[in-house]
Amino acid sequence: MITLLQVQEAAQQTAEAFQQLGDVQPEPSFWAKNGFIIMMGLMILAMWFFMWRPESKRRKQMQEFRNGLKKGDKIITAGGIYGTVKEIKETSLLIEVDGNVTLRIDKNMVVADNSDLQQR
C-alpha cells in the first residue's frame, strides 16, 4: 500500500524535475505571430484593388480626354458651364459660352463632353 510519505516524495521529485526544466512555454503558432501583419496586408491589397486602381484608371481617362480636346468641341466645366472650345493653350482653354461671351478656364476644370450627353 502506498503511504502518504511515498506520495509526498513522488510529488517532491516531480516538482524538482519541473524546476530543472525551467519555465517551458509552448511556441506560439504561425498565425498567432504573424496574423495581424497578414490581415493588414490583405486589407491594403483589397483597398488598392477596389478603390485606388479604378480611381487611377478614371483619372487617366480624364487626362486623355482633356489632352484630346480640339477647337469646336462642346464641353461642360466643373462649375456646370456649357461651352464650345475656341482656343487651346498648354494649361487653359478659351471657351465661348454664348454669342460673344468667352471665358478662359483651366483645362483640369473640363469634366465632360457635351456632345456625348446630347446624343442620349
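Start by selecting Trp48, Phe49 and Phe50: ring pairs link these three into a cluster. Before you go further, keep in mind that this is a predicted model.

**Stop 1: the rings**

Stay on the cluster and show the side chains of Trp48 and Phe49. How far apart are the ring centres of Trp48 and Phe49, and at what angle are the planes? The centres are 6.5 Å apart and the planes meet at 45°, so this pair counts as tilted. As for cover, Trp48 is partly exposed, with a relative accessible area of 42%. Phe49 is partly exposed too, at 41%.

In total, the chain has three aromatic pairs. Another one to pick out is Phe30 with Trp31: their ring centres are 5.7 Å apart and their planes stand at 75°, so you're looking at an edge-to-face pair. Trp31 has a relative accessibility of 57%, so this residue counts as exposed.

**Stop 2: the greasy patch**

Now turn on the surface and colour Met39, Leu42, Ile44, Leu45, Met47, Trp48, Phe49, Phe50, Met51 and Trp52. Together they make a nonpolar surface patch of about 1100 Å². Click on Leu45, one of the patch residues. Which helix is Leu45 found in? Leu45 sits in helix H2, which covers residues 30-67. Is Leu45 buried or exposed? With 51% relative accessibility, Leu45 is exposed, because the cut-off for that label is over 50%.

While the surface is on, take in the whole chain. About 10000 Å² of the protein chain is exposed, and carbon and sulfur atoms supply 59% of that. Of the chain's 120 residues, 17% count as buried.

**Stop 3: the overall layout**

Switch to the cartoon view. You should find three helices and five strands. Follow the chain along its sequence and the pattern reads α-α-β-β-β-β-β-α.

Next, colour by confidence. The mean pLDDT of the chain is 85, and 89% of its residues reach 70 or more. Which element has the lowest mean pLDDT, and which the highest? Helix H3 (residues 114-119) comes lowest at 60, while strand S4 is highest at 94. A word of caution here: where pLDDT is low, predicted coordinates shouldn't be read in detail.

**Stop 4: salt bridges**

Time to look for opposite charges. How many salt bridges does a search of the whole structure find? There are five, and here are some to visit.

First, select Glu96 and Lys86. Their side chains meet in a salt bridge, with 3.0 Å from N to O. This pair links distant parts of the chain: Glu96 is in strand S3 (residues 92-98) and Lys86 is in strand S2 (residues 82-88), 10 residues apart. Lys86 counts as partly exposed, at 34% relative accessibility.

Then move to Glu87 and Arg104. They form a salt bridge with the closest N and O atoms 3.4 Å apart. Glu87 lies in strand S2 and Arg104 in strand S4 (residues 101-106), so the bridge ties together parts that are 17 residues apart in sequence. Both ends have some cover: Glu87 is partly exposed at 31%, and Arg104 is partly exposed at 43%. Add Lys89 to your selection as well, since salt bridges that share partners join Glu87, Lys89 and Arg104 into one network.

Now try Asp73 and Lys70, another salt-bridged pair, with the closest N and O atoms 3.5 Å apart. Which label does Asp73 get, buried or exposed? Asp73 is buried, at 17% relative accessible area. Lys70, on the other hand, is exposed at 52%.

**Stop 5: strand S5 and a long-range meeting**

Finish at Asp113, which has its place in strand S5 (residues 110-113). Select Ile75 as well and draw a distance between the two C-alpha atoms. The separation is 4.6 Å, even though Asp113 and Ile75 are 38 residues apart along the chain. Leaving aside residues up to four places away in sequence, Asp113 touches Phe65 and Lys74.

Zoom back out for one last number. Among the chain's contacts with a separation of 6 or more, 33% come from residues 24 or more positions apart.

Technical notes
Residues numbered from 1 in each chain as written. Predicted model: local features only at pLDDT ≥ 70, side-chain atom pairs only at ≥ 80, totals over all residues. Heavy atoms only, no water. Salt bridge = Lys/Arg side-chain N within 4 Å of Asp/Glu carboxyl O. Buried < 20%, exposed > 50% of the residue type's maximum accessible area, 1.4 Å probe, protein only. Helix = DSSP H or I, 4+ residues; strand = E, 2+ residues; numbered from the N terminus. Patch = residues over 30% accessible without salt bridge, like charges linked within 9 Å, V, L, I, M, F, W, Y side chains within 5 Å. Areas by Shrake-Rupley, 256 points an atom, 1.4 Å probe, with all protein chains shown as cover. pLDDT = per-residue confidence, 0-100. Phe/Tyr/Trp six-rings, centres within 6.5 Å; stacked < 30°, edge-to-face > 60°. Contact = heavy atoms within 4.5 Å.
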